[in-house]
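Student: I have this model open and would like to look closely at one part of it. Could you take me through a helix and its surroundings, step by step?

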Amino acid sequence: MIPNALSWWFTNDASKFFILFFVGVSGNGLFAVSNKIPTILSVFFSIFAQAWQISAVSEFDKDDASEFYSKVFNLLISFSFILVALFVLFVKPFMQIYVSSKFFQSWEYVPVLLLAATFSNFSAFLGTTYLAAKRTSGIFSTTVFGMIINVAACWILIPVIGVHGAGIGGSLGFLTITILRYFQTKRFLIIAVDWNKSIFSFTLILFMIGVLLLHMPFSYLLNSIAMILILIVNRQQLLVISHKMIGFVLKGK
């Protein structure tokens, strides 16, 4: 687990060294500012992960473990994609308020970094399956593969497209880890993903990012329509999450 933690840190932070080398200090500053928004996703996930790790271990040996893991993972996917879409929709006006004019350009790097944070959370979720199954070597091996993809992508892309290459590298690295863990964990637990819904939502998010970065006409209208479609597609999971949150609040009172 210790080598895995070091590899995980390197996967997250390697891009900063490449930006400093190929772009300079100013690029690193913009990258640091833009990374603050995806951190919000990580905070939400860390709160969820505290409870999930306990449930993941306690439910692993039960007969309905596969169904339980699948339900929670699909909820996580839907909730994450909805949050990413919301951030993408409002990132420009938010950054106008949140940062000074000198760092406003950093909004351009936020959308892809949001995807990197999302895939990081997905891979961390699947990582708890290894813990529950007591097969933690798989956590390390998959993280190393993701680290290699991230480093290679940063090395190739950052000299060509600048800071954007760091976000793409991180996204590819964590996506690699997620895919490897998903198929590797099938050896001891089947997690069924609603692929149609997930791929459609992901495609809409890519569309929103493209509209935003290419400064297309009527960009806010197009992205608002895409946001509505994402909400419609994930409405069942959204209702479940809403009921859970309302129940939690009422219970707290």
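Tutor: Happy to; we will follow helix H8, then the parts around it. One caution before we start: this is a predicted model, and every value below is computed from it.

Let us begin with the helix itself. H8 runs over residues 195-213. Is its length what one would expect from its 19 residues? Counting 1.5 Å a residue, H8 should span 27 Å, and its end C-alpha atoms are indeed 27 Å apart, so the two values agree.

Now to the covered residues. Lys197, Ser198, Ser201, Leu204, Ile205, Met208, Ile209, Val211 and Leu212 are buried in H8. Around the axis they take up an arc of only 165°, which places them on the same side of H8. The general rule behind such a pattern is that an α-helix has 3.6 residues a turn, so residues three or four places apart point the same way.

One of the buried residues deserves a second look, namely Lys197. It counts as buried because its relative accessibility is 13%, under the 20% cut-off. Lys197 forms a salt bridge with Asp194, with 3.8 Å between the closest N and O atoms. Asp194, at 30% relative accessibility, counts as partly exposed. As a general point, side chains of opposite charge can pair when their charged atoms come close.

How many salt bridges does a search of the whole structure find? There are 2. Besides the pair at Lys197, Glu59 forms a salt bridge with Lys62, where the closest N and O atoms are 3.2 Å apart. Here Glu59 is buried at 18% relative accessibility, whereas Lys62 is partly exposed, with a relative accessible area of 44%.

Back on H8, we turn to the aromatic residue Phe202, which lies in this helix. The structure holds 24 aromatic pairs. In one of them, the ring centres of Phe119 and Phe202 are 5.8 Å apart and the ring planes meet at 65°, so this pair is edge-to-face. Phe119 belongs to helix H5 (residues 110-133), so the contact ties H8 to a part of the chain 83 residues away in sequence. The partners differ in cover: Phe119 is buried, at 7% relative accessibility, while Phe202 is partly exposed, at 24%. Both rings also belong to a cluster linked by ring pairs, which includes Phe45, Phe48, Trp52, Phe122 and Phe125.

Since H5 has come up, let us stay with this helix for a moment. H5 has 24 residues and reaches 35 Å from its first C-alpha to its last, close to the 34 Å expected. It is mostly covered, with 22 of its 24 residues buried. Just after H5, Lys134 takes a positive phi of about 60°.

H5 also contributes Tyr130, which pairs with Phe188 in the loop between helix H7 (164-184) and H8, 58 residues apart. This aromatic pair is edge-to-face too, at 5.8 Å centre to centre with 70° between the planes. Tyr130 is buried at 1% relative accessibility, and Phe188 counts as buried at 18%. In H7 we can also pick out Ile177, which is buried with a relative accessible area of 0%.

Finally, let us go past the other end of H8. His215 follows H8 and has a positive phi, near 55°. Phe218 is found in the loop between H8 and H9. Is Phe218 buried or exposed? Its relative accessible area is 66%, so Phe218 is exposed. Phe218 joins Phe200, Leu221, Ile225, Ile228, Leu229 and Ile232 in a nonpolar surface patch of about 690 Å². Helix H9 (residues 219-233) supplies the largest share of this patch, 5 residues.

To put the pieces together: H8 has its buried residues on the same side, has a salt bridge between Lys197 and Asp194, and is tied to H5 through the pair of Phe202 and Phe119. Beyond H8, Phe218 in the following loop is part of the nonpolar patch.

How values were computed: Residues numbered from 1 in each chain as written. Predicted model: local features only at pLDDT ≥ 70, side-chain atom pairs only at ≥ 80, totals over all residues. Heavy atoms only, no water. Phe/Tyr/Trp six-rings, centres within 6.5 Å; stacked < 30°, edge-to-face > 60°. Helix = DSSP H or I, 4+ residues; strand = E, 2+ residues; numbered from the N terminus. Buried < 20%, exposed > 50% of the residue type's maximum accessible area, 1.4 Å probe, protein only. Patch = residues over 30% accessible without salt bridge, like charges linked within 9 Å, V, L, I, M, F, W, Y side chains within 5 Å. Areas by Shrake-Rupley, 256 points an atom, 1.4 Å probe, with all protein chains shown as cover. Salt bridge = Lys/Arg side-chain N within 4 Å of Asp/Glu carboxyl O. Expected span 1.5 Å × (residues − 1). Arc of directions from axis to C-beta.
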